[in-house]
Amino acid sequence: MSTKFRAAKNLGNLILFVKIRKKSSDGLTILINNCLEAVSVDRVDLSVILNFKFLIRNSIIGFMKITSAEFIKSAFAEEHWTTDGLPEIAFLGRSNVGKSSLINSLLQRKGLARTSNTPGRTQSINFFLINEAFYFVDLPGYGYAKVSKAMRKDWGKMAEEYLLKRRELRLFIQLIDSRHKPSELDRDLNEWLEYHQKNALVVATKADKMSNNQLKKAMSEIVTVFPEREIIAYSSETGKGREAVWREIEKSL
Ligand SMILES: Nc1nc2c(ncn2[C@@H]2O[C@H](COP(=O)(O)OP(=O)(O)OP(=O)(O)O)[C@@H](O)[C@H]2O)c(=O)[nH]1
Ligand SMILES: [Mg+2]
């Protein structure tokens, strides 16, 4: 049995897979995308996917090949922002919600963005260059009560200025904790994004901390709060949701 054959069987999608192989190269791409979407890609043998070089070239759903990811700089003011005009994806949400962890998990690089149990770890706007083609931008969390009022005001100003002015921003990923109903600050941010007509996605983090049933219930509550938004449940521990988030990122670039 060939490796491709075995992978198709694992996918539980043998017929579709065999059909795919008979198609011309354009049709091939589309059908394989459909196939991978229809099943849990977690079970796909990556080495099989790597055989399909054209798929990698096209950055197939969930498998954008990360060739490089590096921390570039921390910005505290506009003059520190990057100037090369590359597209940016921003990660927003309250302190400790899991922004830096999400960045590391998407890139599968432990410790690239610094994480911490203590809220308020990220205090500047941090730029990470991916594949020398676009940036992930890690923002400080809001709603961290222990910082001084002056600092909170500065944060608001710094983040809002960046979010408002930055033309390079293609997608705003708003993180909320899947275990709690979105807070007033979460709703404010979402309204702000809607008001300014920003392309935004909601990611519900720490999904591994709940049972499947609890998560389902929590997600349906979140949907009622943000009915207009695409919402993805995520776990930086298990990688749940990784493909779906990449799909949205790729669409926006
Ligand atoms: N179990 C679990 N823990 C998570 C997940 N995401 C983040 N955490 C934990 O939550 C804590 C905060 O994560 P960070 O990624 O530092 O959060 P942040 O939003 O960047 O926080 P600030 O930089 O303070 O704004 C850390 O202890 C992480 O290990 C997740 O999906 N599952
Ligand atoms: Mg952080």
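**Close-ups of a seven-stranded sheet**

**View 1. Asp 177 meets Thr 205 where two strands run side by side.** Asp 177 stands opposite Thr 205, which belongs to β6. The chain gets from β5 to β6 by way of α8, and this β-α-β crossover is right-handed. Zoom out a little and you'll find 6 bridges between β5 and β6, with the pairing in the parallel sense. Keep in mind, here and in every view below, that this is a predicted model.

**View 2. The whole sheet, laid out strand by strand.** Seen together, 7 strands make an open sheet of mixed pairing, in the order β1-β3-β4-β2-β5-β6-β7. Its edges are β1 (69–75) and β7 (231–233), each with a pairing partner on one side only. From one strand to the next, the twist averages 25 degrees.

**View 3. β6, wrapped up on both faces.** How many of the residues of β6 are buried? The count is 6 of the 6, so β6 is largely enclosed by the rest of the structure. Ala 200, Val 202 and Ala 204 point one way from the strand, while Leu 201, Val 203 and Thr 205 point the other way. That fits the usual pattern: side chains in a regular strand alternate between the two faces of the sheet. On the β7 side, β6 runs parallel to its partner, with 3 bridges joining the two. Ala 204 is a handy landmark here, as it stands opposite Ala 233 in β7. The link between these strands involves helix α9 (residues 212–225), and β6, α9 and β7 together make a right-handed β-α-β unit.

**View 4. β2 beside β5, and the core around Ala 90.** Strand β2 (residues 88–93) and strand β5 (residues 169–177) run parallel, joined by 6 bridges. Look for Phe 91, which stands opposite Ile 173 in β5. Both turn up again in the largest nonpolar core, which has 38 residues; those touching the most other members are Ala 90, Phe 91, Val 137, Ile 173, Val 203 and Ala 204. And what does Ala 90 touch, leaving aside residues up to four places away in sequence? Its contacts are Val 137, Leu 139, Leu 163, Leu 169, Phe 172 and Ile 173.

**View 5. Helix α10, laid across four strands.** Helix α10 (residues 242–252) lies across β2, β5, β6 and β7. Against β5, the helix runs at about 155 degrees. Arg 242, Ala 244, Val 245 and Ile 249 are buried in α10. In an α-helix there are 3.6 residues a turn, so residues three or four places apart point the same way. The buried residues of α10 pack against β2, β5, β6 and β7, and also against α6 (99–107).

**View 6. Helix α6, tucked in nearly end to end by count.** In α6, 8 of the 9 residues are buried, so this helix is largely enclosed by the rest of the structure. The buried set is Lys 99, Ser 100, Ser 101, Leu 102, Ile 103, Asn 104, Ser 105 and Leu 106. What covers them includes strands β2, β3, β4, β5 and β6, along with helix α10. After α6 comes Gln 108, with a positive phi near 50 degrees.

**View 7. Two exposed loop residues with positive phi.** Most residues other than glycine have a negative phi. Asn 131 goes the other way, with a phi near 50 degrees. Where does Asn 131 sit? Look in the loop between β3 (125–130) and β4 (134–138). Asn 131 is exposed, because only 12 or fewer other C-beta atoms may lie within 10 Å for that label and Asn 131 has 12. Gln 197 also has a positive phi, near 50 degrees, and is found in the loop between α8 (184–195) and β6. Gln 197 counts as exposed too, with 7 C-beta neighbours inside 10 Å.

**View 8. Where to trust the picture, and where to squint.** The average pLDDT of the protein is 77, and 68% of the residues score at least 70. Among the elements, strand β6 (residues 200–205) has the highest mean, 98, and helix α2 (residues 14–22) the lowest, 35. Residues 1–44 have a pLDDT below 50, with 46 contacts in the model beyond near neighbours in sequence. Residues 46–62 also stay under 50, and there the model has 28 contacts beyond four places in sequence.

Definitions and conventions:
Residues numbered from 1 in each chain as written. Chains lettered and ligands numbered in written order. Predicted model: local features only at pLDDT ≥ 70, side-chain atom pairs only at ≥ 80, totals over all residues. pLDDT = per-residue confidence, 0-100. Contact = placed C-beta atoms within 7 Å. Pairing = 2+ DSSP bridges. Axes fitted to C-alpha atoms, helices over the stretch in contact; angles between N-to-C directions. Buried ≥ 20, exposed ≤ 12 C-beta atoms within 10 Å, placed from the backbone. Right-handed = clockwise from strand over helix to strand, strands pointing away. Core = buried A, V, L, I, M, F, W, Y, C linked by C-beta atoms within 7 Å.
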